[in-house]
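Please look over the model below before reading on. The briefing covers sheets, cores and a few selected residues.

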Amino acid sequence: MPFSPPSHAPHWTLVTHSLSTVNVSNFNIYPKKIKALLSASHEISFLSFLSLLQINSSLHIPLVPQIETYTKMDPNPIAQTSNLKKRKAQGEATFPLDDLHQDLLERVLARVPPSSFFSLRSVCRRFSSVATSPSFHIACSQIDSREPWFLMVDHDLHRASLVFDSSEKNWRSVKAMNNFNKPIPVASSGGLVCYKTEAGELFVSNPVTGVCRELPSVTRLTSSETLHAIAMHSSKQNPAAYRVVLVFGELPNLAFMVFDSAKNSWEEEVTLVRKTDSSSDVDVNGEEEVYFLSKTGDVVATNMQRSPSKQYSSVLTIENGEEMLYFLSHSGTVISCNLTQRTFFELPRLLPVYFEYSIDVIECGGEMLVVVLSEFLETSSLRFWKYSSRDRSWYQIAAMPPSLSHEFYAKKVDINCVGHGDEVLLCVNSSECSSCLMCDLKNNKWVEMPKCYVDGKEKEFLSAFPFEPRLEAIA
């Protein structure tokens with residue numbers, strides 16, 4: 001077990017209770033609860049799954065899933081599940097789990113969180129065989145959305161194998177992609193993550209199953225031409241369908257290419273035409289560096305330096321039926337590419353070029369947002385901004401509480417952010433501090449993520465990539 005619980009947390013218990021000795025004949029099913037469950041297309045908790053069962057009273061074992069992680073729980077796990085044995089409704093009939101049709105069983109298990117499903121596979125051979133069933137994968141694909149996992153990237157960039165489970169608020173390990181030439185995660189979508197190697201090779205992998213696929217080589221990735229963005233878009237209807245988009249070139253001469261998994265090939269290169277805007281005063285004729293003196297007297301360049309894992313960070317959205325891609329230029333401005341109309345333009349700067357700040361672009365709720373950490377009047381502020389194309393202006397939609405953001409003042413921190421639904425994960429790093437925070441953007445609630453320990457040492461993460469843990473996602 002690679003994780004070590006903090007010494008000051010005596011109530012943290014390693015969950016390793018196995019169900020491998022349980023005979024499936026010990027379970028009966030509540031048919032009414034099955035019907036109610038299948039009427040909704042969303043995940044259920046592990047305890048909700050247990051509530052479907054009437055457990056034989058002679059079965060005296062703690063029904064806790066076998067999960068390779070440390071989690072805070074009741075010191076008496078048997079007490080947690082003993083009440084489940086008494087939840088049979090008055091007069092409600094049950095039938096043996098052995099008699100449950102395979103199709104219904106797969107539809108039920110498809111609604112169990114993947115981490116719990118892996119534990120349930122040890123219950124019996126019937127549960128274990130479900131994992132490779134094509135019809136089970138179809139049932140999984142009918143779940144509209146799953147709580148995201150975040151693939152975390154630390155200083156050892158090409159060995160990303162730790163994930164944060166946002167549904168259970170704990171850490172897990174997945175198989176690292178270390179069979180290739182130092183792959184670094186660069187993009188994600190749905191249940192897949194895209195990796196890029198030092199040699200310019202691209203791979204797409206399902207972190208849950210460990211299955212990966214090498215994409216056909218692209219000359220642009222091995223040439224000296226600048227690569228600006230790598231983005232992914234996966235299909236919810238077809239778990240095997242996804243697209244990878246590359247944006248490259250020297251401003252203002254940009255182009256893009258798209259890989260289509262269905263065709264297993266790259267489409268023809270498409271040139272992006274600069275969209276003229278007479279009311280805009282931005283200049284995209286080049287990205288010459290500008291030097292200025294900071295408040296501490298240091299010479300600062302406007303050419304932004306990013307973590308290798310976030311070097312090609314971008315956002316892919318659908319706006320009014322058109323595919324839009326946003327990425328940060330080397331000078332810290334946001335470039336908007338309309339892939340449908342094959343045009344691009346540079347959005348107005350949020351802050352003057354001579355300001356020191358850290359910036360990132362994310363997607364939340366299908367919209368592009370910009371996160372900026374800046375210093376002003378002897379304090380720091382972290383704010384979320386949304387761009388309005390109607391009046392070509394930025395509007396603040398949320399901000400970190402001043403009591404939190406002030407902790408970053410004068411520490412020269414760098415932020416790397418990712419969004420999934422209404423959740424935002426922020427990795428804050430500098431030589432003086434390192435922390436990861438989760439923000440519920442809808443309610444503007446901030447929570448510091450639990451520390452992750454490997455071999456007794458606390459991990460420091462530089463960035464993260466969100467994905468939905470989907471067994472059915474095919475690379």
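The points below are grouped by topic, starting with the sheets.

This is a predicted model. Two open four-stranded sheets are described, one in the order 24-25-26-27 and one in the order 9-10-11-12. The largest nonpolar core has 28 residues. Another core, of 22 residues, lies apart from it.

**Sheet 24-25-26-27**

- Four strands make up this open sheet, and their pairing is antiparallel.
- Strand 24 (357-364) and strand 27 (393-399) are the edges; each has a single partner strand, so one side of each is left without a neighbour in the sheet.
- From one strand to the next, the twist averages 35°.
- Inside the sheet, strand 25 (residues 367-376) and strand 26 (residues 379-388) run antiparallel and are joined by eight bridges.
- Leu 369 has Lys 386 of strand 26 as its bridge partner.

**Sheet 9-10-11-12**

- This open sheet also has four strands with antiparallel pairing.
- Strand 9 (184-189) and strand 12 (212-214) are its edge strands, and each pairs on one side only.
- Here the twist averages 25° from one strand to the next.
- Strand 9 and strand 10 run antiparallel, with five bridges between them.
- Opposite Ile 184 stands Lys 196, in strand 10.

**Strands 13, 14 and 15**

- Strand 13 and strand 14 are antiparallel and share seven bridges.
- Ala 231 has Val 245 of strand 14 as its bridge partner.
- Strand 14 also runs antiparallel to strand 15 (residues 253-260), and eight bridges join the two.
- Leu 246 pairs by a bridge with Met 257 in strand 15.
- Strands 14 and 15 form a hairpin, with two residues between them.
- Strand 14 is mostly covered, as seven of its nine residues are buried.

**Nonpolar cores**

- Which residues of the largest nonpolar core touch the most other members? They are Leu 109, Phe 117, Phe 127, Phe 136, Leu 151 and Phe 467.
- Four helices and three strands each supply at least two residues of this core: helix 4 (102-109), helix 5 (114-120), helix 6 (125-130), helix 7 (134-141), strand 6 (149-154), strand 10 (192-196) and strand 34 (461-467).
- The separate 22-residue core includes Ala 187, Leu 192, Met 232 and Met 257.

**Helix 4**

- Leu 105, Glu 106, Val 108 and Leu 109 are buried in helix 4.
- Seen down the axis of helix 4, the buried residues fall within an arc of 160°, so they line one face of the helix.
- As background, an α-helix has 3.6 residues a turn, so residues three or four places apart point the same way.

**Leu 151**

- Leu 151 sits in strand 6.
- Its relative accessibility is 0%, so Leu 151 counts as buried.
- Beyond its neighbours within four places in sequence, Leu 151 is in contact with Ala 160, Ser 161, Leu 162, Val 163, Val 174, Pro 185, Val 193, Tyr 195, Ser 463, Ala 464, Phe 465 and Phe 467.
- Ser 188 is 37 residues from Leu 151 along the chain, and their C-alpha atoms are separated by 9.5 Å.

**Asn 338**

- Asn 338 belongs to strand 22 (residues 334-338).
- Buried or exposed? At 8% relative accessibility, Asn 338 falls under the 20% cut-off, so Asn 338 counts as buried.
- The side chains of Asn 338 and Glu 322 are joined by a polar contact of 2.9 Å.
- Not counting residues up to four places away in sequence, Asn 338 touches Leu 272, Glu 322, Glu 323, Met 324 and Thr 343.

**Ala 240**

- Ala 240 is in the loop between strand 13 (227-234) and strand 14 (242-250).
- Its relative accessibility is 28%, so Ala 240 counts as partly exposed.
- Ala 240 and Ala 473 are 233 residues apart along the chain, yet 6.2 Å separates their C-alpha atoms.
- Leaving aside neighbours within four places in sequence, Ala 240 is in contact with Ser 261 and Ile 474.

Notes
Residues numbered from 1 in each chain as written. Predicted model: local features only at pLDDT ≥ 70, side-chain atom pairs only at ≥ 80, totals over all residues. Heavy atoms only, no water. Pairing = 2+ DSSP bridges. Axes fitted to C-alpha atoms, helices over the stretch in contact; angles between N-to-C directions. Core = buried A, V, L, I, M, F, W, Y, C linked by side-chain atoms within 4.5 Å. Buried < 20%, exposed > 50% of the residue type's maximum accessible area, 1.4 Å probe, protein only. Arc of directions from axis to C-beta. Contact = heavy atoms within 4.5 Å. Polar contact = N/O pair within 3.5 Å; in protein donor to acceptor, adjacent residues only side chain to side chain.
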